[in-house]
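Colleague: Could you take me through one small part of this model up close? I'd like to hear how the pieces there sit against each other.

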Amino acid sequence: MSLDVKLIDKKVLKDVIELVKPHTPQYCYQCAKCTSACSTSKVLPEYKPHLIVALTRLGLIKELLNSGIIWACSECWKCAEYCPQDVAPVEVVIALKNLAISMGYKPPEDLRVMAKNVVELGYISPPIEVLSKEFEMYSRATLGLPQLIKPYINVEAVNNLKKFFGGVYE
Amino acid sequence: MSKFLLFLGCTIPTKQYAYEISVRNVLPRLGIELVDFPEAGCCGFPLKGINKKGWVYMSARILSLAAKKGLPILALCNGCDTSLRKVKDMLKHDEVLKDEIAELLSREGVKLNFNVDVYHTIEVLHDFIGVEKIKNLVVRPLKGIKIASYPGCHMLRPSDIPRPEPSGEPKKFDAILSALGAEVGYYPDKGGCCGATMLPYSPKHAFRLTAAKIRNMKDFGFQATTTSCPYCMEMLDSKQEAIRAELGDDTLSIPVFYITQLVGLAIGLKPKELGLNLNLSPVEEVLERLGVSLYE
């Protein structure tokens, strides 16, 4: 009799390990210090970095990605500071996000808009008009700030950006 | 005279204008020469979840453009500062990644070069200008005002790369505040997260993280808070009213300043020169105590 380990999607696991280098999720011994330190966990108790690492190692990645929970990470890096094994759960989560995108999952809408703006404008947002304390609208121009130029003008540069980020909003 | 490339990132030149205004008006008065760097654009940090290599490419491009100019970078944003230093570290230790990024950059005629120093606002104020010099220029001390320094996550973490505050605590930040005459001190979770990166997932949850910070500051008797990160400012100041409404708690009210705005106030600049009319939190509470009108 042997234990059924077909659950583990070895290919996907290898991709994650490659993406989180030089950190090593295999070294996690489930002490859950990361979850104790986690900022997101304080306001969203179902978000548990140690559980995310455990599920990743088990290869239950589709289940994890379907839940959408990885997008809740606040990227405060506390988990990485407190981890005694240098697993850096935040890096695992970033790798899982990348993997999700490459598998066709959509990120939260705001991130899609940011990606589109970066490709088209070179910034995550166009310069907006802001309201002051006196209820007046101000722009860069009316504040006397220099006009922004488009940082990416080279065709090859724009192509690079499109290749990296175009897929999430097109 | 120290000279730096003024790297604004995304959030500052597209909406957090008060930071840019106060930096442009304050730092030159303290002997810092700022050189505009408009071809830099976004550092890519907010998009690393979509494509990590894409983020590395964007930050590597900025480092290379700066290296060509032969000047150190002044990164105003915590995220940009972390991004550039993290990417420097990654390129230093990963030959394969380095070659791949060098090839991408060469297509647009940019030679990969990450041999460039990156500094954050707090380091320029503390390490280059120095608290003694700042102290000597103070004409309007922030006396009797207890101000909570709020470093934001990435000024402290990840600690495996050089951070503006290497001690893991905002010590330089508090030293600058003390030089301005303000009272400083401890409050719980001082190095905690403002929640900004959680916004795309759920504003409701993100707001609760910010609210916890404001409560801790108020519980420990602080009358104002200050940051040097545009994301923290966005949460603490710009969204303060929305946070009060969401949580139905009117006590979540505190004046929030950029550190450069406080330095500017203390060395005698006018509120408008510091973009203080753009702060939406009740900054007048502090200005009144200093005998300054927001509209002068």
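Modeller: Sure, and one term up front: a crossing is called left-handed if the near helix is turned anticlockwise from the far one by less than a right angle. Keep in mind that this is a predicted model. The part I'd pick is where helix H2 of chain B, residues 17-26, packs against H13(B). H2(B) goes past H13(B) in just such a left-handed crossing. From H2(B), the contact is made by B:Ala18, B:Tyr19, B:Ser22, B:Val23 and B:Val26, and from H13(B) by B:Thr260, B:Gln261, B:Val263 and B:Gly264. The two helix axes are 8 Å apart and the packing angle is about 45 degrees. Angles under 35 degrees count as roughly parallel and 65 to 115 as roughly perpendicular, so H2(B) and H13(B) come out as oblique to each other.

Now zoom in on B:Thr260, which belongs to helix H13, residues 259-266 of chain B. Is that residue, B:Thr260, buried or exposed? With the cut-off for buried at under 20% relative accessible area, B:Thr260 has 0%, so it counts as buried. Its side chain also makes a polar contact with the side chain of B:Ser22, at 2.9 Å. B:Ser22 is one of the H2(B) residues in the helix-helix contact. Setting aside neighbours within four places in sequence, B:Thr260 touches B:Tyr19, B:Ser22, B:Val23 and B:Val26, and B:Thr121 and B:Leu274 as well.

Technical notes
Residues numbered from 1 in each chain as written. Chains lettered and ligands numbered in written order. Predicted model: local features only at pLDDT ≥ 70, side-chain atom pairs only at ≥ 80, totals over all residues. Heavy atoms only, no water. Helix = DSSP H or I, 4+ residues; strand = E, 2+ residues; numbered from the N terminus. Buried < 20%, exposed > 50% of the residue type's maximum accessible area, 1.4 Å probe, protein only. Polar contact = N/O pair within 3.5 Å; in protein donor to acceptor, adjacent residues only side chain to side chain. Contact = heavy atoms within 4.5 Å. Axes fitted to C-alpha atoms, helices over the stretch in contact; angles between N-to-C directions. Parallel < 35°, antiparallel > 145°, perpendicular 65-115°, else oblique.
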